[in-house]
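Here are a few exercises to work through with the viewer open. Try each one yourself before reading on to its solution.

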Amino acid sequence: MRPPGTAQQLERRRRQAIRLLKAGKNLSAVARAVSASVSSVFRWYQTYRKKGLQGLRPQPTPGRPPKLSTSQRKQLAKLLLKGSLAAGYRTDLWTLKRVAQMIRKHFGVAYHPCHVWKLLVRLGWSCQKPERRALHRDEAAIAHWKRYRWPHIKKRRTTWGPSGLPR
């Protein structure tokens with residue numbers, strides 16, 4: 001898994017590891033200093049010996065480019081923060097299907113609802129289930145019942161009887 005940080009920050013980390021190795025530190029000390037595994041530091045050092053500092057530069061990310069640009073993702077985050085009621089839905093609950101519809105409507109990009117999840121995670125959103133509660137719930141009455149009625153109903157352990165352990 002790719003560590004957090006921009007490509008430039010990660011390159012700085014690799015260069016710092018090489019500087020520390022040149023200064024005479026051992027692999028495990030360098031790995032601790034740059035928060036990386038020993039095998040990664042060793043791989044960086046091998047690449048440095050073969051290709052020099054050019055080898056430590058960030059490589060382009062393989063795979064298909066994202067459908068939404070960075071600015072579109074920021075715009076999507078702002079739209080999501082406004083809430084689904086503002087987007088025209090009856091409840092204030094974002095579902096994957098709703099987000100996919102909104103992306104198609106605003107950006108003209110088709111996402112399958114199952115893949116919208118990956119996009120939301122990249123934006124820092126998490127899955128949340130709404131708590132199911134009655135609409136006309138009376139919190140004060142519930143607190144009163146728990147405080148005064150429940151202790152009388154609840155079974156209590158008697159302290160004078162046998163312990164239940166065989167003798």
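What follows is a set of exercises on a predicted model, each with its solution worked out in steps.

**Exercise 1. Check helix α1 against its expected span, then say which of its residues are buried and what they pack against.**

Step 1: Start with the length. α1 has 16 residues, and at 1.5 Å a residue the expected span is 22 Å. The C-alpha atoms at its two ends are 23 Å apart, so the model agrees with the expectation.

Step 2: Now look for the side of the helix that is covered up. The buried residues in α1 are L10, E11, R13, R14, A17, I18, L20 and L21. Notice that this list holds E11, R13 and R14 alongside residues such as L10 and I18.

Step 3: Find the partners. The buried residues of α1 pack against α2 (27-34) and α3.

Step 4: Finish at the end of the helix. G24 comes after α1 and has a positive phi, near 105°.

**Exercise 2. Which residues does E11 pair with in salt bridges, and how do those pairs relate to the sequence?**

Step 1: Place the residue. E11 sits in helix α1 and is buried, at a relative accessible area of 10%. The cut-off for buried is under 20%, so E11 qualifies.

Step 2: Take the local partner. E11 and R15 form a salt bridge through their side chains, at 2.9 Å from N to O. They are four residues apart in α1 (residues 7-22), so about one helical turn separates them. R15 is partly exposed, with a relative accessible area of 25%.

Step 3: Take the distant partner. The side chain of E11 also meets that of R57 in a salt bridge, here at 4.0 Å from N to O. E11 is in helix α1 while R57 is in the loop between α3 (38-51) and α4, so this pair ties together parts 46 residues apart in sequence. R57 is partly exposed, at 40% relative accessibility.

Step 4: Check that the backbones agree. From C-alpha to C-alpha, E11 and R57 are 5.9 Å apart in space. Beyond residues up to four places away in sequence, E11 touches L56, R57 and P58.

**Exercise 3. How many salt bridges does the structure hold, and what can you say about the one between R133 and E139?**

Step 1: Count. The structure holds four salt bridges.

Step 2: Look at the named pair. R133 and E139 are joined by a salt bridge whose closest N and O atoms are 3.1 Å apart.

Step 3: Add the exposure. R133 is partly exposed at 44% relative accessibility, and E139 is partly exposed too, at 43%.

Step 4: Look for shared partners. E11, R15 and R57 are joined into one network by salt bridges that share partners.

**Exercise 4. Which residues of the largest nonpolar core touch the most other members, and which elements supply the core?**

Step 1: Pick out the hubs. The largest nonpolar core has 15 residues, and those touching the most other members are L68, L76, L80, V99, I103, F107 and Y111.

Step 2: Assign the elements. α4 (70-82), α5 (96-107) and α6 (113-122) each give two or more residues to this core. α5 gives the most, with five residues.

Step 3: Zoom in on one hub. Setting aside neighbours within four places in sequence, L80 contacts W94, V99, M102, L120, L123 and W125.

Step 4: Look elsewhere. There is a second, separate core of 12 residues, and L21, V34, V41 and Y48 are among them.

**Exercise 5. Which residues make the nonpolar surface patch of about 240 Å², and where does L96 lie?**

Step 1: Name the members. The patch is made by L96, W117 and V121.

Step 2: Locate L96. L96 lies in helix α5 and is partly exposed, at 31% relative accessibility. A patch member needs over 30%, so L96 makes the cut.

**Exercise 6. Is S35 buried or exposed, and what is its phi?**

Step 1: Place S35 in the loop between α2 and α3.

Step 2: Read the backbone. The phi of S35 is near 55°, a positive value in a residue other than glycine.

Step 3: Settle the exposure. S35 has 60% relative accessibility and so counts as exposed.

Terms used
Residues numbered from 1 in each chain as written. Predicted model: local features only at pLDDT ≥ 70, side-chain atom pairs only at ≥ 80, totals over all residues. Heavy atoms only, no water. Core = buried A, V, L, I, M, F, W, Y, C linked by side-chain atoms within 4.5 Å. Buried < 20%, exposed > 50% of the residue type's maximum accessible area, 1.4 Å probe, protein only. Contact = heavy atoms within 4.5 Å. Patch = residues over 30% accessible without salt bridge, like charges linked within 9 Å, V, L, I, M, F, W, Y side chains within 5 Å. Areas by Shrake-Rupley, 256 points an atom, 1.4 Å probe, with all protein chains shown as cover. Expected span 1.5 Å × (residues − 1).
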